[in-house]
Amino acid sequence: MSESPDTAGRPNRWWRRLARTAALGLAGLLLASVPWLWTTIAARGHVYDEADAPAADVVIVLGTSVATDRRQPGDRLTGRLETAAELVGSGRARVVLVSGDGGGSSGDEPTVMTSYLTERLGVDPRRVVADPYGLDTYDTCARARDVYGVDRALIVTQSYHVSRAVTLCRHLGLDVDGVVARCADCRFALLAEKSVRDYFASGKAAWDAIRRRPPAVSSPADPAVQDALSR
């Protein structure tokens, strides 16, 4: 007995539906990836290893969680601070701008960062400026420009984050190069987790950049960085 036209056409209809679903899924994935591609491509040529970093008067260190004692930096923050201290020690930067959340859930990031740089890593306290309102990467870049008068800098953070940081700062008009921070605990699982997080965070970064939102906390101009450079 021959198949009816309706029965014979069912497999073809099923494959067409599957192909349409796959095509829509691929299109959605590509659309969702546009912000990540923007942050990755725009940072090319502006990201360096510590040993190859260019010179700049200011190095910006992005805050992240402090240790459970709330007095020491966490492992990743320690790596960022060690990298910044090396840049100062080698003469490739003169002033460190530590930028983080002064009221963060894990503790006062800029205060901990300042203490570690000056007391443990030997950086001259007169060369360290703290911004307690760098609540996220975008705010750090905007405040470095608007509050502290920075127009050229290095920015230090881990590999999974550095392209987004560089792209946001450069989009806001800062001549920034990224330096990949040390990361003693950056094993594959952690890098994968943080890379996925950064993939999704790039969407917020793109939206902030498109609408050029003001930083969460507005402050008057602060000459602290310029004063430190003049010493």
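This passage describes a group of parallel strands and a nonpolar surface patch in a predicted model.

A good place to begin is strand β3, which spans residues 95-99. This strand is mostly covered, and five of its five residues are buried. Its side chains alternate in direction: V95, L97 and S99 point one way, while V96 and V98 point the other way. Burial holds for both sets, since V95, L97 and S99 are buried and V96 and V98 are buried too.

The neighbours of β3 come next. Strand β2, made of residues 58-62, runs parallel to β3 and is joined to it by five bridges. Within this pairing, V58 has V95 of β3 as its bridge partner. Helix α2, covering residues 75-89, completes a β-α-β unit with β2 and β3, and this unit is right-handed.

β3 also pairs with strand β4, which comprises residues 128-131. Four bridges join these two strands, again in a parallel arrangement. Here L97 finds its bridge partner in V129 of β4. Between β3 and β4 the chain passes through helix α3, residues 109-120, in a β-α-β crossover that is right-handed.

Turning to the surface, W36, L37 and I41 form a nonpolar patch. Together these three residues have about 270 Å² of accessible area. W36 belongs to helix α1, which extends over residues 5-42. The relative accessibility of W36 is 34%, so this residue counts as partly exposed, a class that lies between the limits of 20% and 50%. The buried residues of β3 thus stand beside a contrasting picture at W36, which is partly exposed.

Terms used. Residues are numbered from 1 along each chain as its sequence is written. This is a predicted model: local features need pLDDT of at least 70, side-chain atom pairs count only at pLDDT 80 or more; totals for chains, interfaces and linings use all residues. Side-chain values use heavy atoms; hydrogens and water are left out. Buried means under 20% relative accessible area, exposed over 50%, partly exposed in between (1.4 Å probe, protein chains only). Two strands pair if DSSP finds at least two bridges between them. A crossover is right-handed if, with the strands pointing away from the viewer, the path from the first strand over the helix to the second runs clockwise. Patches are made of residues with over 30% relative accessible area and no salt bridge: like charges are joined within 9 Å, nonpolar side chains (Val, Leu, Ile, Met, Phe, Trp, Tyr) within 5 Å. Accessible areas come from the Shrake-Rupley method with a 1.4 Å probe; for residues, only the protein chains shown count as cover. A salt bridge is a side-chain nitrogen of Lys or Arg within 4 Å of a carboxyl oxygen of Asp or Glu.
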